[in-house]
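Visitor: I'd like a close look at one part of this model, taken slowly, with whatever surrounds it filled in afterwards. Where would you start, and what would you point out along the way?

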Amino acid sequence: GVLVDAPFALFFLGYCVGQLPGFNDLPTLDADLYNGLVALKNYPVGGQPAADEEDEIYRVFGLDFTTTVSLPDGRTKTVPLVPRGDLIRVTAQNRLQYLDLVAQFKLVKQIDAQVRAFVSGLHTVVPENWMRLLFASPIELSRLLCGDSGAIDVGDWQRNTVYDGAFRGQGRSHPMVREFWSVVERDLSEQQRQGLCRFATSCERPPLLGFAELNPRFCISGYTANEGVLDSRLPSASTCVNLLKLPVYSSRQILRGKLIAAIESNAGFDLS
């Protein structure tokens with residue numbers, strides 16, 4: 001029931017299940033680069049240029065068979081995709097070769113050492129043939145590691161929540177608990193619901209099989225004190241035990257405002 005709050009690029013997870021990436025995997029690494037290359041691929045040309053005319057693709061895009069990489073100190077470096085690539089213009093005739101070389105450099109050559117090290121370590125724990133057997137695609141592995149990216153099922157969340165503190169006796173029938181779930185279901189956007197899940201559990205998605213798989217169980221603990229003091233406090237969380245600590249506010253409006261403020265603060269443990 002423990003998720004990894006790190007959305008791995010699908011092309012990278014493909015390595016883990018024995019699938020090599022290609023040009024169509026490029027948007028999972030760099031969507032802007034992919035869109036630019038697609039524009040290059042689909043750019044219409046009027047036909048074969050005359051001997052004394054400049055190729056239209058080169059005239060418009062001005063590219064050669066090189067690419068740039070970012071260095072640790074912030075500078076960039078030009079790398080040839082083929083020997084003496086800086087002298088080879090990208091034209092209508094060779095643009096498909098250029099697209100393939102860019103994709104192979106970005107998805108394979110540039111990160112080869114890091115990928116080999118990671119996958120080698122992974123396969124010491126889970127053998128490669130098991131990974132191929134268990135996961136037909138990197139999407140399936142992503143769901144197992146990071147949960148389902150679909151909408152959060154608030155009903156499932158409610159059914160698999162336990163209560164403590166001021167809410168222990170009444171549980172879901174406590175007026176503040178009813179107001180809390182009303183705010184979550186009716187007032188919060190899907191993005192805010194994901195933010196609440198992350199605020200309380202450290203991950204914005206539930207486990208693949210739902211909140212029942214969270215360990216420890218998701219818990220809302222209520223506490224009371226002087227009313228004026230409580231209304232000035234924000235909810236807080238202990239993400240290591242999936243615990244949301246919720247003051248018993250004096251109104252639904254205050255609950256809604258404090259809950260959204262806590263979610264959007266990008267904080268969690270002992271926020272006040």
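Guide: Let's fix the vocabulary before we go in: helices here are DSSP runs of H or I with at least four residues, strands are runs of E with at least two, and both are numbered from the N terminus. Keep in mind that this is a predicted model. With those labels, proline 216 can be placed in the loop between H10 and S4. The peptide bond joining asparagine 215 to proline 216 is cis, with omega at about 5 degrees.

Now walk back from that loop to H10 itself, which is the part I'd pick. It has twelve residues, and its first and last C-alpha are 16 Å apart, close to the 16 Å expected at 1.5 Å a residue. Buried means under 20% relative accessible area, and nine of the twelve residues of H10 are buried, so the rest of the structure largely encloses this helix. The buried set mixes side chains of quite varied kinds: Gln192, Arg193, Gln194, Gly195, Leu196, Cys197, Phe199, Ala200 and Thr201. What do these buried residues of H10 pack against? The partners are helix H8 (154–159), H9, strand S4 (218–223), strand S5 (236–238), S6 and H12. Just after H10 comes serine 202, with a positive phi of about 80 degrees.

Serine 202 has some company in its backbone sign. Asparagine 242, in the loop between S5 and S6, has phi near 55 degrees, a positive value in a residue other than glycine. With a relative accessible area of 5%, asparagine 242 is buried. Over in the loop between S2 and H4 sits arginine 84, which has a positive phi of about 55 degrees although it is not a glycine. Arginine 84, though, counts as exposed, at 61% relative accessibility.

Back to the neighbours of H10, and to H12 in particular. Helix H12 (residues 252–264) has 13 residues and covers 18 Å from first C-alpha to last, close to the 18 Å expected at 1.5 Å a residue. Its buried residues are Leu255, Leu259, Ile260, Ala262 and Ile263. Looking down the axis of H12, these fall within an arc of 160 degrees, so they line one face of the helix. Gln253 and Glu264 are exposed on the other side of H12. Over the buried residues of H12 you'll find, among the covering elements, helix H9 (175–187), helix H10 (190–201) and strand S6 (243–247). H10 and H12 therefore turn up in each other's packing: H12 is one of the elements that the buried residues of H10 pack against, and H10 is among those covering the buried residues of H12.

Two of those H12 residues, Leu259 and Ile263, also belong to a nonpolar core of 29 residues, which includes Tyr163 and Val177 as well. In soluble globular proteins, nonpolar side chains tend to be buried together. There's an aromatic group to look up too: ring pairs join Trp157, Phe180, Trp181, Phe211 and Phe218 into a cluster.

For the wider picture, the largest nonpolar core is a separate set of 30 residues, and Phe23, Leu37, Tyr98 and Leu141 have the most contacts inside it. Helix H1 (10–16), H2, H4 and helix H5 (112–125) each give two or more residues to this core. H4 supplies the largest share, seven residues. Leaving aside neighbours within four places in sequence, tyrosine 98 is in contact with Leu37, Leu40, Leu63, Asp64, Phe65, Thr66, Leu81 and Val90.

One last stop is asparagine 94, in the loop between strand S2 (76–80) and helix H4 (95–109). It is buried, at 16% relative accessible area, and its side chain reaches the backbone nitrogen of threonine 91 at 2.6 Å. With neighbours within four places in sequence left out, asparagine 94 is in contact with Phe65, Ile88 and Arg89.

How values were computed. Residues are numbered from 1 along each chain as its sequence is written. This is a predicted model: local features need pLDDT of at least 70, side-chain atom pairs count only at pLDDT 80 or more; totals for chains, interfaces and linings use all residues. Side-chain values use heavy atoms; hydrogens and water are left out. Rings of Phe, Tyr and Trp (its six-membered ring) pair if their centres lie within 6.5 Å; planes under 30 degrees apart count as stacked, over 60 as edge-to-face and the rest as tilted. The expected span of a helix is 1.5 Å times one less than its number of residues. Buried means under 20% relative accessible area, exposed over 50%, partly exposed in between (1.4 Å probe, protein chains only). The arc is that of the directions from the helix axis to the C-beta atoms. Contact means heavy atoms within 4.5 Å. A polar contact is a pair of N or O atoms within 3.5 Å; within protein, one must be able to donate a hydrogen and the other to accept it, and residues adjacent in sequence count only if both atoms are side-chain atoms. A nonpolar core is a set of buried Ala, Val, Leu, Ile, Met, Phe, Trp, Tyr and Cys residues joined through side-chain atoms within 4.5 Å.
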